[in-house]
Amino acid sequence: MKKLVNSFWPALFWSAIIVFLLSIPGSDLPEESSFLSIPYFDKWVHFGIFALFVVLWCWAVSLKKHSGNLVRKFIWITLAGILLGYLMELVQKYLVPHRDYDLWDVVADGAGAIAGLVFSLKVFRKNRPLWKQGSQPKLTAYEKIDYLKSYTLKTYKSIFYFERLVKVI
């Protein structure tokens, strides 16, 4: 199980889930319920799935011993996430029945990808990983996951600013 977690499989699995979810025909989507009536709920979902996309891919790349310039690779992963979001909107417009193109979904995808990049730069860079500062013992992958869960509280601030931006626009 440990090798599975410390590989590209979680990122590949999440990428497949994104493509699957964004390719569901509109007629197969659930009717509007209480949680779907939350303002901008759809945008928050797009933000979250693309932030996780970038974080998982950056994590997979950072686990490799000879990963080279991580910042450059993280930026390429983020650009790939933004491109995937845009392409999936085009797929929805032209290939998926009862779905259409929404520019604000693309904006939410991009904002989520950038939030994932910021998070990854703070956590996964090998020259300054947060869990190796000072004289702390080396942590296992599961301990790192627990640490990352606690660190995500700081990302809520960026989500709050994104929500304010959407309301202004």
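What follows is a short chat about how the helices of this predicted model pack.

Residues are numbered from 1 along each chain as its sequence is written, and side-chain values use heavy atoms, with hydrogens and water left out. As this is a predicted model, local features need pLDDT of at least 70 and side-chain atom pairs count only at pLDDT 80 or more, while totals for chains, interfaces and linings use all residues.

Reader: How are α4 and α5 oriented to each other?
Author: Helices here are DSSP runs (H or I, at least four residues), numbered from the N terminus. Axes are lines fitted to C-alpha atoms over the stretch in contact, with angles from 0 to 180 degrees between N-to-C directions. For α4 (residues 70-94) and α5 (residues 103-124), the axes come within 9 Å and cross at roughly 160 degrees. Angles over 145 count as roughly antiparallel, so α4 and α5 are roughly antiparallel.

Reader: How do the residues of the contact of α4 with α5 divide by class?
Author: Contact means heavy atoms within 4.5 Å, and here it involves residues including F74, I82 and Y86 of α4 and A113, I114 and L117 of α5. Ala, Val, Leu, Ile, Met, Phe, Trp, Tyr, Cys and Pro count as nonpolar, Asp, Glu, Lys and Arg as charged, and the others, Gly among them, as polar. The split is 12 nonpolar, 4 polar and 3 charged.

Reader: What does α5 span from its first C-alpha to its last?
Author: The expected span is 1.5 Å times one less than the number of residues. With 22 residues, α5 would be expected to cover 32 Å, and its actual reach is close to that, at 31 Å.

Reader: Is the crossing of α2 and α3 left-handed or right-handed?
Author: Helix α2 (residues 9-22) packs on helix α3 (residues 41-62) at about 155 degrees, with axes 8 Å apart. A crossing is left-handed if the near helix is turned anticlockwise from the far one by less than a right angle, and right-handed if clockwise. For α2 and α3, the crossing is left-handed.

Reader: How many charged residues has the contact of α2 with α3?
Author: On the α2 side, W14, I18 and L22 are among the residues that meet α3, whose partners include F50, F53 and W57. By class there are 12 nonpolar and 2 polar residues, and the charged count is none: no charged residues.

Reader: What is the distance between the axes of α3 and α4?
Author: α3 passes α4 in a right-handed crossing, with F53 and W57 of α3 and F74 and L84 of α4 among the residues that meet. The packing angle is about 145 degrees, and the axes are apart by 10 Å.

Key:
Helix = DSSP H or I, 4+ residues; strand = E, 2+ residues; numbered from the N terminus. Parallel < 35°, antiparallel > 145°, perpendicular 65-115°, else oblique.
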